[in-house]
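Let's walk through this one together, going from a single helix out to the sheet and then to a few details in the loops. Keep the viewer open as you read.

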Amino acid sequence: MIEFRGVTKRFPDGTVAVDELDLVAEQGRITVFVGPSGCGKTTSLRMINRMVEPTSGELRVDGQDVLAADPAELRRGIGYVIQQAGLFPHRTVVDNIATVPMLLGTGRRAARDLAMELMETVGLDTAMASRYPSQLSGGQQQRVGVARALAADPPVLLMDEPFSAVDPVVRESLQEELLRLQSELGKTIVFVTHDIDEAIKLGDRVAVFRVGGKLAQYDEPGVLLSRPVDDFVDSFVGRDRGYRGLGFLTSATIPLGSLETLSVGDRRPDSGWAVVLDDTGRPLGWVEAGDGVVTEDGIVPGGSLYAVGSGSLRGALDAALSSPSGQGVAVDADGRVAGSVTADAVLAALPAARDDSAA
Ligand SMILES: Nc1ncnc2c1ncn2[C@@H]1O[C@H](COP(=O)(O)OP(=O)(O)OP(=O)(O)O)[C@@H](O)[C@H]1O
């Protein structure tokens with residue numbers, strides 16, 4: 001757990017980068033700092049590992065007073081990942097990752113073995129171990145940066161715009177990877193970004209800063225989307241927030257309708273649409289009414305699927321709206337067809353889901 005109590009940073013030129021910050025980043029969760037350029041996100045982050053000294057206030061990491069700690073010792077328990085990875089250009093990938101364990105006294109061989117394991121953990125092909133950073137793509141370099149930060153197994157991980165220098169597709173896969181890693185590792189992560197979509201996707205809680213180093217709102221993403229505290233947060237959160245907020249509402253009560261289901265080789269339906277199943281009951285796509293039998297070539301791709309139980313209202317609505325028949329395909333945990341979901345049914349379930357989330 002990381003606690004800021006009335007933390008202020010005033011630089012010698014008088015700039016107040018962070019103004020009386022009160023915030024708790026919870027243990028084992030991802031806390032995201034987001035806000036426009038110059039609002040004090042990076043300064044706040046860097047005070048956690050004392051790369052920046054607070055001017056006043058109290059800051060604790062797992063109960064330890066940061067200002068009383070030995071900086072070198074403090075940083076041993078805090079991994080740090082920055083934009084463009086900040087790798088050592090003249091060291092190979094494996095040596096970049098092994099650096100910290102070796103500094104901490106792990107033998108070279110054991111440190112390299114650990115580094116190879118970490119490459120796998122972050123989804124890097126170990127064949128790249130002896131390459132230099134310049135021989136990797138931006139996304140691969142970021143993965144090395146994450147592996148290096150994890151090498152000393154720190155309980156806390158600070159990530160400063162780690163994915164902002166890569167293209168949107170790579171960025172999305174790095175985000176997915178971070179969520180997957182976090183579900184296994186359960187680190188206390190503080191993640192800085194200026195991208196509200198990234199904040200909402202990754203954060204268990206999101207701190208929105210405004211220029212002047214003031215915390216404007218600190219809430220779970222669903223609350224930020226449904227109840228921004230003021231016009232600044234409202235406009236920062238951006239367009240479509242109502243729709244995006246559906247992504248944080250789940251419902252056990254969307255009534256499922258029936259679906260006509262067929263297999264390849266069956267007669268096509270007499271009217272409307274039917275879902276074509278494979279021999280395990282999973283959906284292959286749709287087929288429209290017509291003469292003759294269902295062929296693989298004649299299957300129309302389905303839309304997204306709604307996972308009953310775990311899917312959000314947004315997922316259910318998207319399944320309905322993206323289906324050629326207007327009926328979304330609902331699937332069970334094994335991916336087998338469980339029924340259909342319509343946009344009307346999703347909207348009807350909305351008030352109860354809202355009440356549940358507010359409870
Ligand atoms: N060493 C410094 N001396 C004086 N002012 C500084 C110093 N470092 C940062 N600042 C100022 O403090 C404010 C907050 O900077 P900070 O880097 O924390 O913002 P940020 O929200 O991370 O911005 P960005 O998204 O652009 O990286 C800015 O006005 C910046 O100019």
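**A helix across the sheet**

Start with helix 5, residues 138-150, which lies across strand 6 and strand 7 (156-160) and runs at about 165° to strand 6. Please keep in mind that this is a predicted model.

Now follow the strands themselves. Strands 6 and 7 belong to an open sheet of 6 strands, ordered 6-7-8-3-9-10, with mixed pairing. Strand 6 (78-82) and strand 10 (214-219) each have a single partner strand and stand at the edges, so each has one side left without a neighbour in the sheet. From one strand to the next, the twist averages 15°. Elsewhere in that order, strand 3 (residues 30-34) pairs with strand 9 (residues 205-210) in the parallel sense, over 4 bridges. If you would like a landmark there, look for V34, which stands opposite V208 in strand 9.

Back to helix 5, which also has a helical partner. Two packed helices are described by the angle between their axes and the distance between the axes. For helix 3 (residues 93-103) and helix 5, the axes come within 7 Å and cross at roughly 25°. Angles under 35 degrees count as roughly parallel, and therefore helix 3 is roughly parallel to helix 5. Their crossing is right-handed. Which residues meet here? On the helix 3 side they are V93, N96, I97, T99 and V100, and on the helix 5 side V144, A147 and R148. By class, this contact has 5 nonpolar, 2 polar and 1 charged residues.

Two loop residues deserve a look at their backbone. Most residues other than glycine have a negative phi. R50, although not a glycine, has a positive phi of about 65°. You will find R50 in the loop between helix 1 (41-48) and strand 4 (56-61). R50 counts as partly exposed because it has 19 C-beta neighbours inside 10 Å. D62 also has a positive phi, near 50°, and its place is the loop between strand 4 and strand 5 (64-65). With 12 C-beta neighbours inside 10 Å, D62 counts as exposed.

Finally, zoom out to the whole chain. The protein chain holds 12 helices and 16 strands, and its C-alpha trace spans about 75 × 50 × 30 Å along the principal axes. Of its 359 residues, 40% count as buried. Among contacts between residues at least 6 apart in sequence, 60% join residues at least 24 apart.

Definitions and conventions: Residues are numbered from 1 along each chain as its sequence is written. This is a predicted model: local features need pLDDT of at least 70, side-chain atom pairs count only at pLDDT 80 or more; totals for chains, interfaces and linings use all residues. Two strands pair if DSSP finds at least two bridges between them. Helices (H or I, at least four residues) and strands (E, at least two) are DSSP runs, numbered from the N terminus. Axes are lines fitted to C-alpha atoms, for helices over the stretch in contact, and angles run from 0 to 180 degrees between N-to-C directions. Two residues are in contact if their C-beta atoms, placed from the backbone, lie within 7 Å. A residue is buried if 20 or more other C-beta atoms lie within 10 Å of its own, exposed if 12 or fewer, and partly exposed in between; C-beta atoms are placed from the backbone. Angles under 35 degrees count as roughly parallel, over 145 as roughly antiparallel, 65 to 115 as roughly perpendicular and the rest as oblique. A crossing is left-handed if the near helix is turned anticlockwise from the far one by less than a right angle, and right-handed if clockwise. Ala, Val, Leu, Ile, Met, Phe, Trp, Tyr, Cys and Pro count as nonpolar, Asp, Glu, Lys and Arg as charged, and the others, Gly among them, as polar.
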